[in-house]
Amino acid sequence: MATVTASTPALGSVRLNHLAALDVKGADAEKFLQGQTSAQVGLADGHFAPLTCFCTPKGRMLANAQLMRLGEEHYRLLLSNTLLDSLESHLKKFAAFYRAELTSQRDLVFIGASDEAQSLANQLGLTLADQVGTHTSNDQACAIRYPGETPRWLLCFANDSKVDLASAQDDQAGRNAWQLEDIRSGLAWLTDTQQDHFLPQMLNWEALGGISFKKGCYTGQEVVARAHFRGQVKKRLMRISLEADSLPAAGASVVNSDDKAVGEVVVSAFNHQGGVELLAVMSTKVAEETMQLYLDGVPATLLTLPYTIERVDPEQLAVSLNG
């Protein structure tokens with residue numbers, strides 16, 4: 001386990017240095033993305049910001065992201081900064097055949113905010129979206145409403161914007177508080193250590209509306225669809241807690257009482273009780289059977305997620321959000 005101070009402050013505002021943005025612009029931007037991503041790109045309409053992912057031909061996730069439309073021929077993908085370069089390189093191989101240009105936006109500031117979100121939005125000339133999965137934007141900034149027990153928004157803007165960030169935390173404790181909200185929302189973002197490792201369904205991506213089963217082909221689509229319709233997904237993202245004063249590394253094994261690996265850690269954070277909560281990709285047998293779990297010899301408890309493991313079509317989600 002990696003040792004980190006077990007401090008979990010209330011979520012105010014924090015710099016989210018682990019995020020990055022990749023812009024796709026051009027007359028063929030939508031057409032290009034439609035052939036590469038699990039999202040129905042046309043649903044990104046400047047209001048709805050669908051979750052999406054990019055896969056290998058074998059259906060394994062290269063990256064997951066949130067997709068925004070910022071203009072008529074301008075889309076933005078938000079993802080882990082550890083995957084920015086590799087995803088850009090991967091997509092450029094296909095973008096050469098389209099009137100589409102990919103640009104890494106390295107001068108953006110990412111702020112996660114709750115109570116202070118309105119003040120930041122006012123400085124940026126934004127209103128805040130009140131529905132999870134929707135966003136607002138203008139020429140200099142955008143703000144996405146995120147899920148969580150605490151109302152929260154992700155704001156991104158150029159680093160030369162005149163915004164007072166004196167109260168924004170820039171430490172691991174602040175980012176831990178944001179990460180904990182992601183974990184309790186059952187939302188896991190891939191990093192470079194997990195690339196080309198999971199099917200989208202293993203991160204419950206279809207239960208979060210991150211896969212369109214109604215769109216045409218995209219890279220990896222055949223494998224993803226077959227796994228869904230044949231019920232072949234035997235591993236799922238689950239939420240776990242344990243009493244520990246350090247965070248387990250991504251990829252650490254969760255084992256049963258026979259010391260047999262039944263899952264692996266994806267992301268973890270300290271909670272307010274001094275313990276750890278995490279998301280792990282687990283064998284579905286864990287939820288089906290009464291099973292004692294351990295992580296590094298420490299007993300672990302299976303917790304509930306705020307959603308059911310059922311397919312949520314982003315097309316229907318878009319209708320409900322826009323209705």
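In which helix is the place of Arg184? Arg184 has its place in helix H4, and this report on a predicted model returns to that residue after setting out the chain and its sheets.

## Overall form

The secondary structure of the protein chain comes to seven helices and 16 strands. For 323 residues, a compact globule would be expected to have a radius of gyration near 20 Å, and the value of 19 Å for the protein chain agrees with that expectation. Along the principal axes, the C-alpha trace of the protein chain spans about 55 × 50 × 35 Å.

Of the 323 residues in the protein chain, 56% count as buried, while the accessible surface comes to about 14,000 Å², with 47% of it belonging to carbon and sulfur atoms. When contacts between residues at least 6 apart in sequence are considered, 72% of them join residues that are at least 24 apart.

## The open sheet

Five strands form an open sheet in the order S3-S4-S5-S2-S6, and their pairing is antiparallel. The edges are taken by strand S3 (51-55) and strand S6 (101-104), each of which pairs on one side only, and the twist from one strand to the next averages 30 degrees. Strands of a sheet pair through backbone hydrogen bonds, in either a parallel or an antiparallel sense.

Between S3 and strand S4 (residues 61-71), the antiparallel pairing extends over five bridges, and Cys53 stands opposite Asn64 in S4. Helix H2 (residues 84-95) lies across strand S2 (19-25), S3, S4, strand S5 (74-80) and S6, and the helix runs at about 170 degrees to S6.

## The closed barrel

A closed barrel of six strands runs S11-S14-S13-S12-S15-S16, again with antiparallel pairing, and here the twist averages 45 degrees from one strand to the next. Strand S11 (residues 235-242) and strand S14 (residues 276-283) are paired in the antiparallel sense over eight bridges, with Arg236 standing opposite Met282 in S14.

Helix H4 (residues 172-184) lies across S11, strand S13 (261-270) and S14, running at about 135 degrees to S13.

## Arg184 in helix H4

Is Arg184, whose place is in helix H4, buried or exposed? Arg184 counts as buried because its relative accessibility is 15%, which lies under the 20% cut-off for that class.

Leaving aside residues up to four places away in sequence, Arg184 touches Glu149, Arg239, Asn271, His272, Gln273, Glu277 and Pro306. Two of these can be placed on the barrel strands, since Arg239 falls within the residues 235-242 of S11 and Glu277 within the residues 276-283 of S14.

## Cysteines

How many disulfides does the count come to? The count comes to zero disulfides, the criterion being a pair of cysteine sulfur atoms within 2.5 Å. The sulfur of Cys55 has its closest cysteine sulfur in Cys53, but the separation is 4.0 Å, so the two are too far apart for a bond. Cys217 is likewise in no disulfide, as the nearest cysteine sulfur, that of Cys55, is 13 Å away.

Cys55 and Cys217 can also be described by their exposure. Cys55 counts as buried because its relative accessibility is 1%, whereas Cys217, at 64% relative accessibility, counts as exposed, a class that begins over 50%.

Notes:
Residues numbered from 1 in each chain as written. Predicted model: local features only at pLDDT ≥ 70, side-chain atom pairs only at ≥ 80, totals over all residues. Heavy atoms only, no water. Pairing = 2+ DSSP bridges. Helix = DSSP H or I, 4+ residues; strand = E, 2+ residues; numbered from the N terminus. Axes fitted to C-alpha atoms, helices over the stretch in contact; angles between N-to-C directions. Contact = heavy atoms within 4.5 Å. Rg over C-alpha atoms; globule rule 2.2 N^0.38 Å. Buried < 20%, exposed > 50% of the residue type's maximum accessible area, 1.4 Å probe, protein only. Areas by Shrake-Rupley, 256 points an atom, 1.4 Å probe, with all protein chains shown as cover.
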